Amino acid sequence: MEVALLSFTSSLSPLSHNRSLTQTPKLTKSPNYPRLPPIRSAVSRTKKEETVETVKSHLENCHLLAAINYKGLTVKQFQDLRRTLPDTTKLVVAKNTLVFKAIEGTKWEALKPCMKGMNAWLFVQTDEIPSAIKPYRSFQKERKLEDNDFAGAVFEGKFYAPDDFKALETMPTRAEVYAKLLGALQSPAINLVSTLQAPAVEVIMVLKAYVKKLEDESAVLNPRLTSKNC
């Protein structure tokens, strides 16, 4: 039997045919849709915004804001430190850039010299400054953390460098200031003048104490006066 061989003609030569099979097809250009930011970037931005808002909230009723060099401290050490702080004092770990963003344009901006290195931030929401600083000083001494010192602080709009902290730590307590002013009010005028030359915050606290004393005395006397009138 004879076998007939059929052949099919093609306009492409074998070489060109092989090239057409291996040639990469051209892709059509997709429309320029706006790119969505990566999820990680969005979460990071949200956390930064939350940190700024946290700092701002802690600044409400804040009397002193201090930076502490925390490089080398462990998580456990931070936890132990927080347990020693009174309720009126908050310790926050935040980047310098975020803290500065929160304090920029406020009286706390004087803390700008501390915006370097690794800092933890101490928010003191009481006018009893020495008692608020003392827990960290004790912690620092017990753990021998001489290098983890205060980098600076702002009190009443004034910047206090590390060498100036003694003035903050030796400020008289409210009770001591009250006693000082009340004693001056009962002494010659020259003593009163010297008292009034003290820092404004001391004078204000003492005057408040004197006003309260007068109000308390008035509250005690008023019922007696009322009974006499009856």
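This is a short talk on the salt bridges of one protein and on two of its buried side chains.

Hi everyone, and thanks for coming. One thing to keep in mind throughout is that what you see is a predicted model.

Let me start with the overall picture. The protein has 230 residues, and 30% of them count as buried. It is built from nine helices and five strands. If you walk along the chain from the N terminus, the order is α-α-β-α-β-α-β-α-β-β-α-α-α-α. The accessible surface is about 16600 Å², with carbon and sulfur atoms contributing 57% of that. And for those of you who like contact order, take the contacts between residues at least 6 apart in sequence: 72% of these join residues at least 24 apart.

Now to the charged pairs. How many salt bridges does the structure hold? There are five. I'll go through three of them.

The first one on my list is within a helix. Lysine 76 and aspartate 80 form a salt bridge through their side chains, with 3.1 Å from N to O. Both residues sit in helix α3, which covers residues 75-84, and they are four residues apart, or about one turn of the helix. What I enjoy here is the contrast in surroundings. Lysine 76 counts as exposed because its relative accessibility is 55%, and the cut-off for exposed is over 50%. Aspartate 80, on the other hand, has a relative accessible area of 14%, so it falls under the 20% limit and is buried. This pair also belongs to something wider: Lys76, Asp80, Arg83 and Arg143 are linked in a network of salt bridges.

Next, please find arginine 137. Which side chains does arginine 137 meet in salt bridges? One is aspartate 149, at 2.8 Å from N to O. That pair links distant parts of the chain, with arginine 137 in helix α5 (residues 129-142) and aspartate 149 in the loop between α5 and β4, 12 residues apart. The other is glutamate 169, at 3.1 Å from N to O. Here, too, distant parts of the chain are linked: glutamate 169 belongs to helix α6 (residues 165-169) and arginine 137 to helix α5, with their positions 32 residues apart.

Are these three buried, exposed or partly exposed? Arginine 137 is partly exposed, at 21% relative accessibility. Aspartate 149 is partly exposed as well, at 27%, and glutamate 169 also counts as partly exposed, at 28%.

Let me stay with helix α5 for a moment, where we also find phenylalanine 139. With a relative accessible area of 4%, phenylalanine 139 is buried. What does it touch, once we set aside residues up to four places away in sequence? The answer is Gln77, Asp80, Leu81 and Leu145. So we come back to Asp80, the salt-bridge partner of lysine 76. As for glutamine 77, its C-alpha lies 9.3 Å from that of phenylalanine 139, though the two are 62 residues apart in sequence.

My last stop is histidine 58, in helix α2 (residues 39-59). At 18% relative accessibility, histidine 58 counts as buried. Leaving out neighbours within four places in sequence, its contacts are Lys90, Val92, Phe123 and Gln125.

That's my tour, and I'm happy to rotate the model for anyone who wants another look.

Note on methods
Residues are numbered from 1 along each chain as its sequence is written. This is a predicted model: local features need pLDDT of at least 70, side-chain atom pairs count only at pLDDT 80 or more; totals for chains, interfaces and linings use all residues. Side-chain values use heavy atoms; hydrogens and water are left out. A salt bridge is a side-chain nitrogen of Lys or Arg within 4 Å of a carboxyl oxygen of Asp or Glu. Helices (H or I, at least four residues) and strands (E, at least two) are DSSP runs, numbered from the N terminus. Buried means under 20% relative accessible area, exposed over 50%, partly exposed in between (1.4 Å probe, protein chains only). Contact means heavy atoms within 4.5 Å. Accessible areas come from the Shrake-Rupley method with a 1.4 Å probe; for residues, only the protein chains shown count as cover.
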